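Colleague: I should like to understand the terms used for this structure. Would you take me through them?

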Amino acid sequence: MKRKPKPRGKTPGSQEVKDNIKALRLDGLTNKEIGRIVGRATATVSRISKSLGMDIKRARRVIEIKGNKGKCSKCGKWRPIDSFRGGRYRLGKPTSLSYCKYCLNLQVRLNLGNNLQAHLRRNLWGLKNRCVKKEIPFNLTLEYVTDLLLLKQKGKCFYTDLNFDLSRGWKPYCITFDKVIPSLGYIQGNIVICTRKANSCKNDLTLGEISAWMPGFYKRIKECPWLTFVKI
Ligand SMILES: [Zn+2]
């Protein structure tokens, strides 16, 4: 899917919006904060301020520094300079981001939340890309998998009934999608959501192999009402 290139050189927003942004920028607010105030997206604010020739690096909040310590603008603690990661796009420049790494991690976790749907969306997006590359059939939607996980599976792993680990990263108990009959791919009626560990146990076993080697898993597949491709 290709996006249409946006026309360059033009910036959305009236003179009034530009003036507002200019004033707020001089106050030292971040793009995000300005965007909230003037009702524009962060990226739009960034584009407008670039067109106004205002230095974005200067406008970012800057940490106070004393000796080799800096003050976090979120928790207010003084921490060694290397605790400041320097922002997502400006690694190695400690003065460009005002959060310490602890606050940053906390923020990342908060943003992702213990929010199942956010996890599902991330996982689904990655899966879709992999399927397109490897030409594996795929027709899952966010609505379908959300309904599957929250309503049908009650938010738990299909094979083990365990709760998912919603911390960041490729954890043993993170959310994965399992194609029950591997050859059919990730299509509706052929998938369940399970932990990574359960998924790697099951791997690409055929139904015959599962019935012989993993009777517990087999029973669940056999009794599952939404796996429409499983004919036993
Ligand atoms: Zn902090």
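Modeller: The following exchange sets the terms beside the values. The model is predicted, and local features need pLDDT of at least 70, side-chain atom pairs count only at pLDDT 80 or more, and totals for chains, interfaces and linings use all residues. Residues are numbered from 1 along each chain as its sequence is written.

Colleague: What makes up the secondary structure of the chain?

Modeller: The chain has ten helices and five strands. Helices are DSSP runs of H or I with at least four residues, strands are runs of E with at least two, and both are numbered from the N terminus.

Colleague: Which residues of helix α2 are called buried?

Modeller: In α2, residues 31-38, these are N31, I34 and G35. A residue is buried if 20 or more other C-beta atoms, placed from the backbone, lie within 10 Å of its own, exposed if 12 or fewer, and partly exposed in between. Of the 232 residues of the chain, 20% count as buried.

Colleague: Why are N31, I34 and G35 said to lie on the same side of α2?

Modeller: They cover an arc of only 105° around the axis, and therefore lie on the same side of α2. The arc is that of the directions from the helix axis to the C-beta atoms. The face turned away from the buried side carries the exposed residues K32 and I37.

Colleague: What covers the buried residues of α2?

Modeller: The cover includes α1 (15-26) and α3 (42-51). Here two residues are in contact if their C-beta atoms, placed from the backbone, lie within 7 Å.

Colleague: Why is α2 called roughly perpendicular to α3?

Modeller: The axes of α2 and α3 come within 8 Å and cross at roughly 105°. Axes are lines fitted to C-alpha atoms, for helices over the stretch in contact, and angles run from 0 to 180 degrees between N-to-C directions. Angles under 35 degrees count as roughly parallel, over 145 as roughly antiparallel, 65 to 115 as roughly perpendicular and the rest as oblique. The crossing therefore makes α2 roughly perpendicular to α3. N31, K32, I34 and G35 of α2 make the contact with T42, T44, V45 and S46 of α3.

Colleague: How do you know that β4 and β5 pair?

Modeller: Two strands pair if DSSP finds at least two bridges between them. Strand β4 (residues 175-179) and β5 have five bridges, in the antiparallel sense. D178 has V192 in β5 as its bridge partner. Of the five residues of β5 (residues 191-195), five are buried.

Colleague: What makes β1 and β3 edge strands?

Modeller: An open sheet of three strands runs in the order β1-β2-β3, with antiparallel pairing. β1 (64-66) and β3 (78-80) each have a single partner strand, so one side of each is left without a neighbour in the sheet. The twist averages 35° from one strand to the next. Strand β2 (residues 69-71) pairs with β3 over three bridges, and K69 has P80 in β3 as its bridge partner.

Colleague: What is the largest nonpolar core?

Modeller: A nonpolar core is a set of buried Ala, Val, Leu, Ile, Met, Phe, Trp, Tyr and Cys residues joined through C-beta atoms within 7 Å. The largest has 21 residues, and I193 and C194 have the most contacts inside it. The elements giving two or more residues are α6 (116-134), α7 (142-152), β5 and α10 (215-223). β5 gives the most, with four residues. A second, separate core of five residues includes I21, L24, V45 and I48.
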